[in-house]
Amino acid sequence: MHRFRIPWSLFPVFRHSLRHAGTPRAVLVGSSWPAKMAAPAVKAARAWSGLALGLRNAVLRLPGLTQVRWSRYGPEYKDPHIDKEYYRKPLAELTEEENYERELRKTQLIKAAPATKTCSVFEDPVISKFTNMMMKGGNKVLARSLMTQTLEAVKRKQFEKYHAASAEEQATIERNPYTIFHQALKNCEPVIGLVPILRGGHFYQVPVPLGDRRRRFLAMKWMITECREKKHRRMLMPEKLSHELLEAFHNQGPVIKRKHDMHKMAEANRALAHYRWW
Amino acid sequence: MRERSGTPNLHELDAGHFLHTGSQAPQNLAAHLDNQVPVESPRAVSRTSESDPAKHGEQHEGQHYNIPLQDLKAVFPHGLPPRFVMQVKTFNEACLMVRKPALELLHYLKNTNFAHPAVRYVLYGEKGTGKTLSLCHIIHFCAKQDWLILHIPDAHLWVKNCRNLLQSTYNKQRLDQPLEASIWLKNFKTANERFLSQIKVQEKYVWNKRESTEKGSPLGEVVEQGITRVRNATDAVGIVLKELKRQSSSGIFHLLVAVDGVNALWGRTTLKREDKSPIAPEELALIYNLRKMVKNDWHGGAIVLTLSQTGSVFKPRKAFLPQELLGKEGFDTLDPFIPILVSNYNPKEFESCIQYYLENNWLQHEKAHTEDGKKELLFLSNTNPGQLERLCAYL
């Protein structure tokens, strides 16, 4: 999404000048997707980041714009190393570079590790991301419990199928909820997406190859919206989500259909592909 | 033949852990001989083929024994914890771990003197330690020994969220609970079919102008009356309890009174009358009759009770001791009783539980098979059986 996120490589100057207050990304309160339309304001804000602090704050106190997702850490802060094996290595075994790196880190400033990142063997970044996307109002406890109940529901359904199946089919039935989850999301990722590009006063939907992150995001977003909206009022999220995940695992179901619709629209708008300049 | 889980790193398992790996040779041999697991390698043993609770002893501690599914339906129409029921459905088998508190209770029950008044045993412990499943183990034992099981699965269900309270016809001061009573009667009938025709009622009971039960008719008729005429269900329950108490001393049958969540009988209820005034437990006919049952003024059986904070009303979350949960009134009524503490798994039981899950391929996460994964499970669950079950459910 070139218009709404400026890669840092294009503005090396700005990174240093942002030492004191980090990189504010102003977003409209209360909305996420349409907030990206505040891009021009954001761009302007970044362009002015060389200005005095007071002026910048005035810009960002525009009505409806609050700063979210900014990092208070300057560029000198390094990411923490969350890995038990790294710290368990006895000093004798370290190579020259590793020794040097260890000594260096003793003097460097290190960011605090986020609460969700643990050195647990059961941690999975995809599951964490999905849980965060399911979370509403900061209620991580609820989101996590829904996630665990979903995984349990998927497992129990697969076990039932396993016990009901014959010996040959048993080899094909996958019972690990984590592989099912990963495979389902992978199956839901679109390959190509549509981007609105302004030409001659009109917005045209132009087919564009999507990056990895955008694809993963879209897959998870579609899954969650589908499960929130298209279910019976009394049906619980884990039940619906487990059902959708199993269908997506077998390349069926509404989320896969949405992915195919996206592909078809991109195919239909193939003529507009030359509007893309990157 | 179920597919065994991948390579569960047996060598690391056996190195530091407390399972049968040669330390007590003769018992070990005996345990091995009656085991389903072949003895080629010193595997961790989590199952035993001894499915009669009467023969469970010290050597079976920490091992799972199998209850056939037909027995399960016959002995436990109600009373199993809901998560255990889900586990039975998923695994297609019901396996219960043999643990110390249950073994202790079995020992006492085997040596009961039926001429003495019924002894009260109270299972207490923190949340999730296995009190209800220990109670189920005892009930299975008594069912195999052909005792009459009077099992109230959860007394808390009778003191909260009850609709349709009727004023009792027998005693104007008390209140009836037709729904709960009729459900309980149905389950009681399923569990004790064979006794209902043998035991005869010793009094005439008049239900209303047209219906009455004559003296000498089988108890089954009273139960039927309670199930069909829901209005009289509570009175039917009261009659059943009274008759069983009276006749248990005669020696035809041994009576086991098993109540889960007995702290509901004393304390408060969440029920209110139409004028919003609170109802005390003794004003409910079911509770009143059950309290009489739990007194030790009869002989010919035993009373096994379980305390439970989980379903309780107006009790703090951390309370688990008898004094805290029963309150002064309850404690004084139950005094004297034999308290039996049910605690978290010891390392051997923990390993056995993990092994059982691995054998059933329940732990699907690849890291769960490793030593690190096991250590993490131990830490996260704090060896609490309930927590461990919930953790392993999604791993």
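Two aromatic rings, from Phe, Tyr or Trp, are called a pair here if their centres lie within 6.5 Å. Keep that in mind as you look at this predicted model, since A:F159, B:F91, B:Y356, B:Y357 and B:W362 form one aromatic cluster. The members of this cluster come from chain A and chain B.

Let's stay with two of those residues for a moment. B:Y356 and B:Y357 have ring centres 6.0 Å apart, and their planes meet at 45°. Planes under 30 degrees apart would count as stacked and planes over 60 as edge-to-face, so this pair falls into the tilted class. Are these two tyrosines buried or exposed? B:Y356 has a relative accessibility of 1%, which makes it buried, and B:Y357, at 4%, is buried as well.

Now for another pair of tyrosines, in chain A. Across all chains there are 14 aromatic pairs. One that is edge-to-face is A:Y86 with A:Y87, with 5.0 Å from centre to centre and 85° between the planes. Here the surroundings of the two rings can be told apart: A:Y86 is buried, at 15% relative accessible area, whereas A:Y87 is partly exposed, at 49%. The cut-off for buried is under 20%, so A:Y86 falls inside it.

Rings also have charges sitting over them. In chain A, A:R175 lies over the face of A:Y162, 3.6 Å from the ring centre. In chain B, the charged end of B:R174 is placed over the ring of B:Y288, at 3.8 Å from its centre.

Next, turn to the sheet in chain B. What is the order of its five strands? Reading across, it goes β5-β10-β11-β4-β12, an open sheet with parallel pairing. The edges are taken by β5 (148-152) and β12 (338-341), and each has a single partner strand, so one side of each has no neighbour in the sheet. On average, neighbouring strands here are turned by 15° against each other, direction ignored.

You can zoom in on one of the pairings. Strand β4 (residues 119-124) of chain B runs parallel to β11 (residues 301-306) of chain B, and five bridges join them. One residue to click on is B:R120, whose bridge partner in β11(B) is B:I303. Helix α5 (residues 100-110) of chain B lies across β4, β11 and β12 of chain B, and runs at about 150° to β12(B).

Back to where the chains come together. Two packed helices are described by the angle between their axes and the distance between the axes. For helix α7 (residues 140-164) of chain A and helix α15 (residues 385-393) of chain B, the angle is about 75° and the axes are 8 Å apart. That angle makes α7(A) roughly perpendicular to α15(B). Which residues make the contact? From α7(A) they are A:E152, A:K155 and A:R156, and from α15(B) they are B:E389, B:C392 and B:A393.

Finally, a look at chain A as a whole. Its secondary structure comes to 12 helices and four strands, and 34% of its 278 residues count as buried. Among contacts with a separation of 6 or more in chain A, 70% are between residues 24 or more positions apart. For a C-alpha pair far apart in sequence, take A:H243 and A:V154: they are 89 residues apart along the chain, yet their C-alpha atoms are separated by 7.6 Å. A:H243 belongs to helix α11 (residues 237-249) of chain A, and with 40% relative accessibility it is partly exposed.

Conventions. Residues are numbered from 1 along each chain as its sequence is written. Chains are lettered from A and ligands numbered from 1 in the order in which they are written. This is a predicted model: local features need pLDDT of at least 70, side-chain atom pairs count only at pLDDT 80 or more; totals for chains, interfaces and linings use all residues. Side-chain values use heavy atoms; hydrogens and water are left out. Two strands pair if DSSP finds at least two bridges between them. Helices (H or I, at least four residues) and strands (E, at least two) are DSSP runs, numbered from the N terminus. Axes are lines fitted to C-alpha atoms, for helices over the stretch in contact, and angles run from 0 to 180 degrees between N-to-C directions. Contact means heavy atoms within 4.5 Å. Buried means under 20% relative accessible area, exposed over 50%, partly exposed in between (1.4 Å probe, protein chains only). A charge sits over a ring if NZ of Lys or CZ of Arg is within 6 Å of the ring centre and within 35 degrees of the ring normal. Angles under 35 degrees count as roughly parallel, over 145 as roughly antiparallel, 65 to 115 as roughly perpendicular and the rest as oblique.
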